[in-house]
Amino acid sequence: MENAERVRFAIRQWQEKEFPQINERFVESGLFTEIDHIVDIVGVRRAGKTFIMYLMAKKLGKEFGKDAVIYINFENKVLYPINEGLLDELINYVFEKGFQKSFLFLDEIQSVKNWERWARSTYDEHKGKIKIIVSGSSSKIIRGEIGKTLTGRHVSIKVFPLSFREFLDFKGIDFTKDEVEYSVKNQAKIKPLLEEYFSFSSFPEIILAQNPQIKSELLKEYYEDILYKDVIEKYNIKEKQVLENFVKFLYSNISGLFSYKRGKDYLASFGIRTSTRTLLRYTSILEEVFLFFFVPILSFKAKDQLKYPRKIYAIDVGLRNVADPSEDIGRKAENVVYLELRRREKNSQINYWKSEKQEEVDFAIKEGQKIKSLIQVCWDISKKETRERETKALIKASQELGCSNLLVITGNYDANEKTGGKKIIFKPLWKWLLEE
């Protein structure tokens, strides 16, 4: 088939398609209607990017007419072989139909070579008449040369797997803050659900599955798809064994400090030799596909951020369970807190803090030149020495950084205390996750 035929066939498929059941996600809908910028929706595979597109396409179809909203998935085999001409034929179709305003949802856009040049040209020429929304499973679509091409013309939505609030919503459970605060009965419902959130996953499809066996099988499938399709195949990884074991090393050390030497030593223990250069490349790729995040130490000197180890966090603790089934609720809790901070603190920098005496604070939230909050995550605060260690580090960081907003996120302990002349809030993880 010619490009025009393939595009029209894909559009007919979309127009004949019935919307699946779509659960609401917390999306800034104004980005789709109130500004003309290109919207890029990025995130790890299966995090819900396509369903966010469906959700917005459904809403816009009601307002502007269903035919004016077009969705194309560039992993649709009908469109193969993928080439730039497909995008030009899409524009031809839009103007042939004479829509006053149209919305183009282009899923997995990274499959089309030089798509960003087309997007820039279309935006510049047809601003206000054609709204472009793209998605992809790699941060490449918003960074590097692509980001430069679209500078000033795009806004990004980073899609994570479900937050705990969204998780409860998908389960059909709605708790207001007052209910959480004062109802022992509701708290008794929430805590087992937090355990499920830790045990399986925060990916939408897995949450909606009822059978635990199916949940486990889906999670294993996700793990393999991301590792082999999104990393090994797309980035042409030759040393598969190195990458497979390096990923297991990262998962087994979530919420811990990472160094390339430790990674190399771990691989060497299995008789696998590799170079720092190779591991540098792999960490860059794993960040690009949103599988891992590497958090630097808080320092106002760039060279310190390069000198000191970074902390590792994973996109989903369920995937960690596939690679490393060991139970470590403290590490998982800290990882969940990091992901929630990424959702909430979109305009802030997240670091960890460490003193010369090795006292450590898990999260220092920096906005501009100001430290707005310091957060420790400690699941079990009952032991005296544990409490003293966590609060001592907080107080030291507070004094050094001039920050008085101090929080310890715990398993169950809930209190406001004054220690060392500083007010420290202790809050259970489930309660903190349900805050607005």
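1. Which helix gives the most to the lining of the largest cavity? In this predicted model, the answer is helix H17, residues 329-344, with three residues. The cavity has a volume of about 50 Å³. Its lining consists of Leu-162, Tyr-197, Ser-201, Ser-202, Asp-316, Val-317, Val-336, Leu-339 and Arg-343. Sorted by class, these are five nonpolar, two polar and two charged residues.

2. Confidence should be stated before the details are discussed further. The protein chain has an average pLDDT of 90, and 94% of the residues reach at least 70. Among the elements, strand E12 (residues 406-410) has the highest mean pLDDT, 98, whereas helix H8 (residues 177-182) has the lowest, 56. Where pLDDT is low, the predicted coordinates should not be read in detail.

3. The search for enclosed space covered the whole structure and found four cavities of 30 Å³ or more. The second largest of them holds about 40 Å³ of space. Val-7, Ile-72, Phe-74, Leu-79, Leu-86, Leu-87 and Leu-90 form its lining. Helix H4 (residues 85-97) provides the largest share, three residues. This lining has seven nonpolar residues and no polar or charged ones, while the lining of the largest cavity includes two polar and two charged residues.

4. In soluble globular proteins, nonpolar side chains tend to be buried together. Here the largest nonpolar core has 96 residues, and those with the most contacts inside it are Phe-32, Phe-105, Phe-164, Tyr-251, Phe-292, Leu-319 and Phe-363. Helix H11 (residues 212-233) supplies the largest share of this core, eight residues. A second, separate core has 26 residues, among them Leu-79, Ile-91, Val-94 and Trp-118. Leu-79 is also one of the residues that line the second largest cavity.

5. Phe-363 merits a separate comment. With residues up to four places away in sequence left out, Phe-363 touches Tyr-313, Glu-334, Val-337, Tyr-338, Leu-341, Ile-350, Asn-351, Ser-373, Leu-374, Ile-375 and Val-377. Glu-334, Val-337, Tyr-338 and Leu-341, which are among these partners, fall within the residue range of H17.

6. What volume does the largest pocket have? The space in it amounts to about 1100 Å³. Its lining comprises 39 residues, of which Lys-158, Phe-160, Arg-342, Arg-343 and Lys-346 are the closest to the centre. Two or more residues come from each of strand E5 (154-159), helix H7 (164-170), strand E7 (292-295), H17 and strand E9 (349-354). H17 provides the largest share, five residues. By class, the lining divides into 17 nonpolar, seven polar and 15 charged residues. Arg-343 is thus shared between two sites, as it lines the largest cavity and is listed among the residues closest to the centre of the largest pocket.

7. The second largest pocket contains about 540 Å³ of space. Of its 23 lining residues, Arg-46, Ala-47, Gly-48, Thr-50 and Phe-51 are the closest to the centre. Helix H3 (49-64), helix H10 (204-208) and H11 each contribute at least two residues to this lining. Its composition is seven nonpolar, six polar and 10 charged residues. H11 therefore appears in two roles, in the lining of this pocket and as the source of the largest share of the largest nonpolar core.

Conventions
Residues are numbered from 1 along each chain as its sequence is written. This is a predicted model: local features need pLDDT of at least 70, side-chain atom pairs count only at pLDDT 80 or more; totals for chains, interfaces and linings use all residues. Side-chain values use heavy atoms; hydrogens and water are left out. On a 1 Å grid over the protein atoms alone, a cavity is a set of points where a 1.4 Å probe fits but cannot get out, and a pocket is an open set with protein on both sides within 12 Å along at least five of seven lines; lining residues have an atom within 4 Å of a point. Grid points are joined across faces, edges and corners, and a volume is the space filled by probe spheres set on the points. Helices (H or I, at least four residues) and strands (E, at least two) are DSSP runs, numbered from the N terminus. Ala, Val, Leu, Ile, Met, Phe, Trp, Tyr, Cys and Pro count as nonpolar, Asp, Glu, Lys and Arg as charged, and the others, Gly among them, as polar. A nonpolar core is a set of buried Ala, Val, Leu, Ile, Met, Phe, Trp, Tyr and Cys residues joined through side-chain atoms within 4.5 Å. Buried means under 20% relative accessible area, exposed over 50%, partly exposed in between (1.4 Å probe, protein chains only). Contact means heavy atoms within 4.5 Å. pLDDT is the predictor's confidence in each residue, from 0 to 100.
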